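Please walk through this model from its overall fold down to its nonpolar interior.

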Amino acid sequence: MGSTDRPVALLTGTNRGTGRSLARELHERGYRLFSLNRTPTGEDWLHEQRCDLADPEQIRDCVARVLAATDRLDVCVSNAVDRLLEPIADIHQVDWDRSLAVNLSANLHLTQAVLPALRSGNGLIVFMGSHAGTRYFEGGATYSATKAALAAFVETLLLEERNNGVRACLISPGAIANLEGDTDPHKMTTQAVAKGIASIIDDFPKDLLVGEIEIRPASLPKPPVTGIDRLLHV
């Protein structure tokens with residue numbers, strides 16, 4: 001299969017964690033990958049664009065370069081996130097503003113940039129949500145607020161774009177072992193999460209729409225806990 005015949009995926013945040021595992025999974029399935037990373041890895045197979053998702057102009061410029069390099073776009077995955085965990089009393093405005101820009105506003109700018117290509121190819125756009133959007137915890141106001149707002153954004157996009165041939169999907173996971181060296185058995189591995197998302201992208205029938213799906217760790221630790229570890233218990 002030549003490069004022009006391979007399906008094309010554009011992902012954000014593929015330099016580590018879930019984004020990197022998903023990129024590997026799609027690459028192994030034959031997808032041609034393009035990535036928007038604030039900190040590129042330098043690996044050729046990721047076809048990276050250096051992009052600070054807090055900057056709308058960078059998003060538009062990077063997506064334009066990706067679309068100029070390929071004649072199709074089958075799927076876009078908005079995965080990158082800025083996870084600020086601070087009590088409300090201690091949140092600095094600059095940190096709050098950046099979290100809103102990366103976790104929420106970037107989804108608008110990315111969507112607007114890729115929509116024409118996705119409409120042309122009856123494509124899919126996947127957004128990484130979180131249980132934090134509906135299950136709140138101490139220190140999580142910024143993260144939870146942006147993920148809750150993202151759910152409203154994705155559902156509205158789904159209503160507006162379905163008849164234009166664009167499918168939108170929100171993935172709402174629980175606890176993921178995203179950090180290097182995290183082997184907590186009560187969290188999902190990034191590889192497991194990636195396989196689940198890749199199945200929705202690549203295996204599900206194209207006339208079947210997954211609007212929102214939640215995924216959870218298969219085992220639970222013993223309560224009680226506080227803070228972000230509450231997400232281990234849903």
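The paragraphs below go from the whole chain to one glycine and then to the cores.

The model is predicted. Its protein chain holds five helices and seven strands, and along the sequence these elements follow the pattern β-α-β-β-α-β-α-β-α-β-α-β. The radius of gyration is 17 Å, close to the 17 Å that the globule rule gives for 234 residues, so the chain is as compact as a globular protein of that length. Along its principal axes, the C-alpha trace spans about 55 × 40 × 35 Å.

How much of the protein chain counts as buried? Of its 234 residues, 47% do, that is, they have a relative accessible area under 20%. The accessible surface of the chain comes to about 11,400 Å², and carbon and sulfur atoms account for 50% of that area. Contacts also reach across the sequence: among those between residues at least 6 apart, 68% join residues at least 24 apart. As for charge, the chain has 24 positive and 30 negative charges, and the mean positions of the two sets are 3 Å apart.

A single residue shows the local picture. Gly-19 lies in helix α1, which covers residues 17-28. Is this glycine buried or exposed? Gly-19 has a relative accessible area of 2%, so it counts as buried. Beyond residues up to four places away in sequence, Gly-19 touches Leu-11, Gly-13, Thr-14 and Asn-79. Ser-35 is 16 residues from Gly-19 in sequence, and their C-alpha atoms are 9.6 Å apart in space.

Next come the nonpolar cores. The largest one has 28 residues, and those with the most contacts inside it are Leu-10, Leu-36, Val-63, Leu-110, Val-114 and Ile-125. Two or more residues of this core come from each of β1 (8-12), β2 (32-37), α2 (56-69), α3 (93-121), β5 (124-128), α4 (141-161) and β6 (167-173). Which element gives the most to this core? Helix α3 does, with seven residues.

Leu-36 can be followed through its contacts. With neighbours within four places in sequence left aside, Leu-36 is in contact with Leu-10, Leu-11, Thr-12 and Gly-13, and also with Gln-49, Cys-51, Leu-53, Cys-62, Val-63 and Leu-110. Apart from the largest core lies another, of 25 residues, including Leu-11, Leu-33, Val-126 and Ile-197. Leu-11 thus links back to the earlier paragraphs, as a residue touched by Gly-19 and in contact with Leu-36.

Conventions:
Residues are numbered from 1 along each chain as its sequence is written. This is a predicted model: local features need pLDDT of at least 70, side-chain atom pairs count only at pLDDT 80 or more; totals for chains, interfaces and linings use all residues. Side-chain values use heavy atoms; hydrogens and water are left out. Helices (H or I, at least four residues) and strands (E, at least two) are DSSP runs, numbered from the N terminus. The radius of gyration is taken over C-alpha atoms; the globule rule is 2.2 Å times the number of residues to the power 0.38. Buried means under 20% relative accessible area, exposed over 50%, partly exposed in between (1.4 Å probe, protein chains only). Contact means heavy atoms within 4.5 Å. Accessible areas come from the Shrake-Rupley method with a 1.4 Å probe; for residues, only the protein chains shown count as cover. Lys and Arg count as positive and Asp and Glu as negative; His and the chain ends are not counted. The place of a charge is taken as NZ of Lys, CZ of Arg, CG of Asp or CD of Glu. A nonpolar core is a set of buried Ala, Val, Leu, Ile, Met, Phe, Trp, Tyr and Cys residues joined through side-chain atoms within 4.5 Å.
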